[in-house]
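Reader: I'd like to go through the labels on this one and ask what stands behind each. Can you walk me through the reasoning?

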Amino acid sequence: RHKFWETQPVGQFRDAADPNLPDGAIEPPTPLSEVRADPYPLPAAFEWYTCDLDDDALLADLYALLAHNYVEDDENMFRFNYSPAFLRWALRPPSFFRAWHIGVRAKESKKLVAFISGVPARIRARDDVVRMAEINFLCVHKKLRSKRLAPVLIREVTRRVHQENIWQAAYTAGVVLPTPITTCRYWHRSLNPKKLIDVGFSRLGPRMTMSRTVRLYKLPDAPLTPGFRQMELRDVAAVTRLLRAYLAKFVVAPDFDELDVEHWLLPQEDVVDSYLVESPETHEVTDFCSFYTLPSSVLNNANYATLKAAYSYYNVATKTTLQQLMNDALIVAKQKNYDVFNALDVMENESFLKELKFGPGDGQLHYYLYNYRVRNGIKPSELGLVLL
Ligand code: NHW
Ligand code: EN5
């Protein structure tokens with residue numbers, strides 16, 4: 001069934017029920033001297049190309065590859081449209097490895113036809129903090145599909161990760177592979193219902209008119225929580241403390257230090273937005289919320305080319321309720337002209353989704369670990385990890 005995945009150190013469907021297999025690495029590391037020294041062979045017309053994201057021309061090529069060939073919904077109505085600035089942010093966190101930004105070019109035309117990337121992260125599973133690669137942006141040009149190029153890309157990124165003495169990875173996908181640690185649902189909160197209906201992202205509910213729908217999703221003009229403001233550089237230590245304490249509650253979560261928080265959470269326009277609540281009395285930072293910006297191209301619509309979507313990222317509520325905090329996140333997203341606010345049912349998100357008028361989407365997101373077993377898997381609410 002899975003000619004490639006059956007050969008890999010991942011939970012195999014057939015061991016799902018075996019209670020004797022322990023948590024942790026599926027296979028031990030090999031000595032670095034035994035890691036294959038040269039790249040895996042590609043079909044003769046293609047060559048490996050390590051990407052330099054400082055290079056604006058390369059970044060434009062990568063952007064175009066993904067904008068035309070990356071993930072679509074099940075009815076091919078929308079395609080993720082990660083911006084160049086977002087790709088730079090996603091691919092260059094603290095201590096990133098340039099060798100993990102892996103392109104494939106046509107030898108003759110030099111056209112970029114495939115890509116896969118990894119970035120380093122520390123991810124905790126129960127009480128074990130593990131150095132991992134987060135793998136993302138696997139993409140093969142539509143004209144080169146079903147030729148078994150993806151397994152070559154995956155083997156090559158694995159080799160380059162191994163060269164850094166890292167033996168585990170985390171990744172998500174919309175497709176089922178051996179074997180998810182958990183399966184999450186996407187939820188959507190309409191901010192601009194008229195446009196969402198016009199492009200076919202959502203439908204007018206039964207017995208609903210457009211004007212009733214617009215009224216249903218109306219939001220206040222400004223955040224309601226006193227002390228709610230944008231995160232700044234001076235907040236990094238306080239946000240790191242809040243986030244570390246919160247993420248400790250989950251079975252699988254990133255182990256963020258201040259450098260990670262500065263990179264992943266300090267606001268960058270149209271890439272990542274973060275807000276916090278600073279107590280007007282004590283000036284203590286008590287609550288935090290964030291979202292990232294990932295537009296989708298609208299395929300085949302005469303009126304609109306893109307949907308502006310915010311995706312819930314990391315949120316921590318200690319003084320305000322999570323529901324009120326996320327309501328303020330919806331309000332600022334609406335002010336910034338987003339059309340929809342998306343969230344997964346991870347962490348404690350179930351506590352606000354229905355109340356804040358999110359509805360379940362038709363997409364799922366499966367979470368995977370490579371060479372790391374988590375017995376019986378976990379529930380979405382036990383997962384404290386959001387990948388971009
Ligand atoms: S998920 C988004 C993936 N990208 C897209 O969906 C974009 C549109 N699709 C494409 O570009 C986020 C192609 O369809 C792709 C497959 C390239 C997806 N993950 O070349 P073949 C990520 O980026 C398996 C893993 O003929 P293709 C996460 C498939 O099951 N495997 O197919 C990426 C089959 O294997 P099997 C996937 O359609 C995580 C084989 O590929 C997959 O031309 C990567 C078929 O290959 C997917 N999303 O190209 C794993 N989709 O065994 C990282 C298909 O079933 C692992 N396949 O026969 C960790 C590595 C690091 C370890 C470090 C220690
Ligand atoms: C890893 N980083 O399917 C990424 N999106 O629900 C790779 N549906 O937008 C994995 N089909 O339900 C990506 N509207 C996996 C996801 C791929 C993209 C995807 C889904 C997630 C999505 C929308 C549009 C569906 C269009 C037809 C959807 C309903 C919204 C409605 C709003 C009002 C309240 C009820 C729900």
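Author: Sure, here come the labels one by one, for what is a predicted model.

Reader: Start with ligand 2. Which residues come nearest, and what makes a residue count as around it?

Author: A residue counts if one of its heavy atoms lies within 4 Å of the ligand. There are 26 such residues around ligand 2, and Asp-73, Glu-75, His-188, Asp-362 and Leu-388 come nearest.

Reader: What makes the approach of Glu-75 to ligand 2 a polar contact?

Author: The cut-off is 3.5 Å between N or O atoms. A polar side-chain atom of Glu-75 sits 2.8 Å from a nitrogen atom of ligand 2, so the pair qualifies. Asp-362 passes too, because its polar side-chain atom is 2.7 Å from a nitrogen atom of the ligand. His-188 does it with an oxygen atom of ligand 2 instead, again at 2.7 Å. As for cover, the protein takes up 84% of the 870 Å² of accessible area that ligand 2 has on its own.

Reader: Where in the chain does the shell around ligand 2 come from?

Author: At least two residues each come from strand 2 (78-80), strand 6 (168-173), strand 7 (182-190) and strand 17 (359-370). Strand 17 gives the most, with 7 residues. Domain 1 (5-173) and domain 2 (183-382) each put at least three residues into this shell. By class, the shell has 12 nonpolar, 10 polar and 4 charged residues.

Reader: On to ligand 1. Which residues come nearest there?

Author: His-2, Trp-5, Leu-138, Ser-146 and Ala-150, out of 32 residues around ligand 1.

Reader: How do you know that Arg-148 makes a polar contact with ligand 1?

Author: Same kind of check: the limit is 3.5 Å, and a polar side-chain atom of Arg-148 lies 2.8 Å from an oxygen atom of ligand 1, so it is a contact. The backbone joins in as well. A backbone N or O atom of Trp-5 is 2.7 Å from an oxygen atom of ligand 1, and one of Val-140 is 2.9 Å from an oxygen atom of that ligand. The protein covers 88% of the 1,200 Å² of accessible area that ligand 1 has on its own. Strand 5, helix 3 (149-162) and strand 6 are the elements giving two or more residues to this shell, and helix 3 has the largest share, 7 residues. The classes here come to 20 nonpolar, 8 polar and 4 charged residues.

Reader: Why is the pair of Phe-4 and Trp-5 called edge-to-face?

Author: Ring centres must lie within 6.5 Å, and edge-to-face needs planes over 60 degrees apart. Phe-4 and Trp-5 have 4.9 Å centre to centre and 65 degrees between the planes, so the name fits. Both Phe-4 and Trp-5 are buried.

Reader: And why is the pair of Tyr-70 and Phe-137 called tilted?

Author: Stacked stops at 30 degrees and edge-to-face starts past 60; the rest is tilted. Tyr-70 and Phe-137 have 40 degrees between the planes and 6.0 Å centre to centre, so they land in that middle class. The partners sit 67 residues apart, with Tyr-70 in the loop between helix 1 (56-69) and strand 2 and Phe-137 in strand 5 (residues 128-140). Tyr-70 and Phe-137 are both buried, and they belong to one aromatic cluster whose members include Phe-80, Trp-89 and Tyr-314.

Reader: Why is Thr-158 called buried?

Author: Buried means under 20% relative accessible area. Thr-158 has 15%, so it is buried. This residue lies in helix 3, and its side chain reaches the backbone oxygen of Ile-154 at 2.7 Å.

Reader: What makes Asn-165 partly exposed but Asn-376 exposed?

Author: Exposed is over 50%, and partly exposed runs from there down to 20%. Asn-165 is at 40%, so it is partly exposed; Asn-376 is at 73%, so it counts as exposed. Asn-165 is in the loop between helix 3 and strand 6, while Asn-376 is in the segment after strand 17. Phi is near 65 degrees, a positive value in a residue other than glycine, for Asn-165 and likewise for Asn-376.

Conventions
Residues are numbered from 1 along each chain as its sequence is written. Chains are lettered from A and ligands numbered from 1 in the order in which they are written. This is a predicted model: local features need pLDDT of at least 70, side-chain atom pairs count only at pLDDT 80 or more; totals for chains, interfaces and linings use all residues. Side-chain values use heavy atoms; hydrogens and water are left out. A polar contact is a pair of N or O atoms within 3.5 Å; within protein, one must be able to donate a hydrogen and the other to accept it, and residues adjacent in sequence count only if both atoms are side-chain atoms. Accessible areas come from the Shrake-Rupley method with a 1.4 Å probe; for residues, only the protein chains shown count as cover. Helices (H or I, at least four residues) and strands (E, at least two) are DSSP runs, numbered from the N terminus. Ala, Val, Leu, Ile, Met, Phe, Trp, Tyr, Cys and Pro count as nonpolar, Asp, Glu, Lys and Arg as charged, and the others, Gly among them, as polar. Domain bounds come from an automatic or database domain assignment. Buried means under 20% relative accessible area, exposed over 50%, partly exposed in between (1.4 Å probe, protein chains only).
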